[in-house]
Amino acid sequence: MRLSDLLGQEVVTEGGEHLGRVRDVRLVQDGPLLGTWGAAFRVDALIVGRGAVLARLGLTRDTPSEPDLLQRPFGPFRRRRPVPVPWDRVVEVGDVIRVTDDPTRRSPGG
Amino acid sequence: MSQGRRSRLPGWHGGWPGGRNGKERDIDATILLRSEVAPARPRGVGRAAVAIALLVTCGCIQPVGPARTSESYRAKATTTAEAGISAAESASLVIDGADEERLLPPYTAVLLSELEDDAGGAASTFSGIQPPSAEADRVRADLLDRMADLQDALAELRIDARRGDLEALADVRPALRDAVDQLEAFVEEQG
Amino acid sequence: MAGRMLLAGFALLDRQIVDRDGRMAGKVDDLELAEPDGGGAPYVTGLVSGRGALARRIGGRLGRAAAWLSARLEASGEQPGPIPFGVVRELGNHIEITLTREDLDSFELERRLRDGVVAKIPGARHAPE
Amino acid sequence: MKKLSGIALGILTAMGGFVDIGDIVANAETGARFRLSLAWAVVLGVGGIVVYAEMAGRVAAISHRPVFDLVRERLGARMGLANLFASFFITLLTLIAEVAGIALALELVTDVSYLLWLPLTALLVWLVIWRMRFEAMERLFGLMGLVLIAIAVGVWRLDPDWGNLLGSATRPLVPAGEGHPTYLYYAVALFGAAMTPYEVFFFSSGGVEERWTRRDLAISRANVFVGFPLGGLLSLALMASTAIVFAPRGIQVSHLSQAALPTALALGKVGLALVIVGFFAATFGAALETALSAGYTVSQYFGWQWGKLVAPRDASRFHLLVLGSIAASVLVGLTAVDPIKVTEYSIVLSAAALPLTYFPILVVANDRDYMGDAVNSKLGNVFAFGYLVLIVVASLAALPLMIATRAGA
């Protein structure tokens, strides 16, 4: 699998709710050891939401810090800030990425 | 060709391709060659680029186009005469400069030959326009006559300059003055 | 254990790769992910650079044209492998690796143009003085 | 002391290197046609290049990244590629115009057709790029371009009616006989000529190559804040010279040779020679910058080794791109397309493409992940956003105006 198989993909819950597209993928450095580098980056969460262009420009970036630029002129767009979907909710990566329903609304699955 | 040429610039409002990366997965490069792949959103951009390139390269934007009516024919005649006056006025500045020994011979020759080309180009573009009426025929003959006088004067200047004989330029001044007066009178009549 | 956290698309993708001699060695056109044997979240095993990886991401007619072009220019039989993540030395504005760019599959076109054309032009061996 | 002289040298280089064929053609034409009533467009354009070149220089010094590197990173592979196509095409168009400009300047000295000079010109441009050090190259042509000061001296010697002249600049009115669209078309052309994208490609790539750091910011800023406006003054002097000499006589400027005439009339043979040398230096310097920029944009998008600090064989693809671009520009030039027309198209299309270059710079100059505490100040952002609006307006207006006015006819 490649990163590009995830980026831009539609994310749909098992209940059929469309969450938006994958804007970015959050990695955490706690995977297996690799060569002289150290711990590998493991996929932690999919950052899902709308506003592809703004996300790409880094204007709706979640971490680690935001460009000052978005503070004022792009302020209105921040309401549509993308949300992280933890990887353990991913059921299948295919034509769309199917994930379990939001555990904060139902009991956690899979 | 003036009316029909406002090209529609197809797809100009197509906008930029969005973030559809990763639409096709697990397809290697060879399959990519023939298979139906993601919707090609950059097409709008591509078409616009082609349209612009065409616009630029075929130079379809020209100052003098065809004439439908006597009115527009006369407007084109005036534009042509004004181009002639512009070249003549430039040339008379060159004569002044040469008189006061402020110019270098090669520069003078190049500039005068460009002015000659300008006048000749304007005249030949105008002569290529179909006159819409008998009255326009007379306008045409009249203007081309006056332009020919100007072209003769400019040619004489160019010949002297190419020979490095900048002092001789002043001799052409009366003929040039005369040509300008003729063209100015023409503009007056038409205007 | 919680480690360093970053966004793959922002901090890795499309960044400049710099080799151990400080030479530019292509962009990160994609990331190779592997799923661990025992299941669990996939992790990044390598950087994919050149060789149609970019064309694949671009998609559409443009991507197909680019893929065709890169296949013509760079193909050499065996499938190119990604740069193993283990050779990464530092992640920052650039991504520094411990290999030289000559070790990379993506260097092939540059090598061919260098040996076939550019090196034959007089004065190609030294930086301008 | 040494630093001070370094700054002065940089300023002079930036001043002499500011003008290129686009500025020469646009300013000479509009001066003759609109007197100084479009001077505001030049002032606006110079302000824009100052604001954005400063940002690009700061980004280069802090993040060590040139503009097209950032274009790909921030716009993504796909939008970045569309941007690359547009930017490369326009840079190539500008290169054609600059190379033809060098040949035209040589024609003025020799009375040998510029078409015959084209191949030799191109060879010279390539040789300089191939063998001359970056800094030496920049200095040589920048300082040589300073002789264009002769134009300003000429304006002074022509002893114009200053009140009248300045009046036409400070109270911009559309002259009688000219339509508003034509007036605006030339405003956009002047704006585009001052802000041509290759200038920031070159400026920021140069900064990265010369390994600017935070400490070099002072020099970079001096170049931009002082050198560029002084260079802009040279453009305005040219506009004033044709406004004084040609406008009252109804003369239209359509040749490079005409642009030199007012100074020749004012200062004589020496003045004429200086202006022609100045045109040569300005177009040669700009040809170097555009040819390199053609290589920069593509190489930086794909991450190939670029630049002049390494031996050419170590940046093969970059050098082949530069060579190919120069060769292509000669081939197009040899078809005898009117170089002045090519110049006009190149600056108007530049205006249309401005946001492609400048928007990513603005985004990154505000991003703390790249810039740390060197992000834009509040005041800086006021100017930057103001200009962004202008840039977008000019960009949207450029092509419709071009079509509506039949390219300013």
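Biologist: Which residue forms a salt bridge with R102(B)?
Modeller: This is a predicted model, and R102(B) in it is partly exposed, with a relative accessible area of 23%. Its partner is exposed, with a relative accessible area of 52%. The closest N and O atoms of the pair are 2.9 Å apart. The partner is E100(B).

Biologist: How many salt bridges does the structure hold over all chains?
Modeller: Side chains of opposite charge can pair when their charged atoms come close. The cut-off is 4 Å from a Lys or Arg side-chain nitrogen to an Asp or Glu carboxyl oxygen. Over all chains, the count is 36.

Biologist: How many salt bridges does the rule find across the interface of chain C and chain D?
Modeller: R23(C) forms a salt bridge with D314(D), with the closest N and O atoms 3.2 Å apart. E110(C) and R317(D) meet in a salt bridge too, at 2.6 Å, N to O. Across the interface of chain C and chain D, the rule finds six.

Biologist: Are E110(C) and R317(D) buried or exposed?
Modeller: E110(C) lies in helix 4 of chain C and R317(D) in helix 13 of chain D, so their salt bridge joins two chains. The cut-off for buried is under 20% relative accessible area. E110(C) has 1% relative accessibility and counts as buried. R317(D), at 10%, also counts as buried.

Biologist: Which residue of chain D is linked with D14(C), D29(C) and R57(C) in a network of salt bridges?
Modeller: The network has D14(C), D29(C) and R57(C) from chain C. Its member from chain D is R72(D).

Biologist: How much area do chain C and chain D bury between them?
Modeller: The contact takes 38 residues from chain C and 39 residues from chain D. There are 19 residue pairs in polar contact between the two chains, both residues at pLDDT 80 or more. Of the buried area, 54% is on carbon and sulfur atoms. The total is about 3400 Å².

Biologist: How many nonpolar residues has the side of chain C that touches chain D?
Modeller: Strand 3 (24–27), helix 2 (53–58) and helix 4 (108–116) of chain C each supply at least two residues of that side. By class, the side has nine polar and eleven charged residues. The nonpolar count is 18.

Biologist: Which residue of chain D meets E178(D) in a salt bridge?
Modeller: E178(D) lies in the loop between helix 8 and helix 9 of chain D and its partner in helix 2, so the pair ties together parts that are 145 residues apart in sequence. The N to O distance is 2.8 Å. The partner counts as partly exposed, at 26% relative accessibility. It is R33(D).

Biologist: What is the relative accessibility of R35(D)?
Modeller: R35(D) is in the loop between helix 2 (21–34) and helix 3 (39–63) of chain D. Its phi is near 50°, a positive value in a residue other than glycine. R35(D) counts as partly exposed, at 30%.

Biologist: Is A407(D) buried or exposed?
Modeller: A407(D) lies in the segment after helix 16 (378–404) of chain D. Phi of A407(D) is near 55°, a positive value in a residue other than glycine. At 9% relative accessibility, A407(D) counts as buried.

Biologist: What is the mean pLDDT of chain A?
Modeller: Over residues 62–68 of chain A, pLDDT stays under 50. For that stretch the model has 17 contacts beyond four places in sequence. In chain A, 66% of residues reach 70 or more. The mean is 77.

Definitions and conventions: Residues numbered from 1 in each chain as written. Chains lettered and ligands numbered in written order. Heavy atoms only, no water. Contact = heavy atoms within 4.5 Å. Buried area = accessible area lost by both parts, 1.4 Å probe. Polar contact = N/O pair within 3.5 Å; in protein donor to acceptor, adjacent residues only side chain to side chain. Helix = DSSP H or I, 4+ residues; strand = E, 2+ residues; numbered from the N terminus. Nonpolar A, V, L, I, M, F, W, Y, C, P; charged D, E, K, R; others polar. pLDDT = per-residue confidence, 0-100. Buried < 20%, exposed > 50% of the residue type's maximum accessible area, 1.4 Å probe, protein only.
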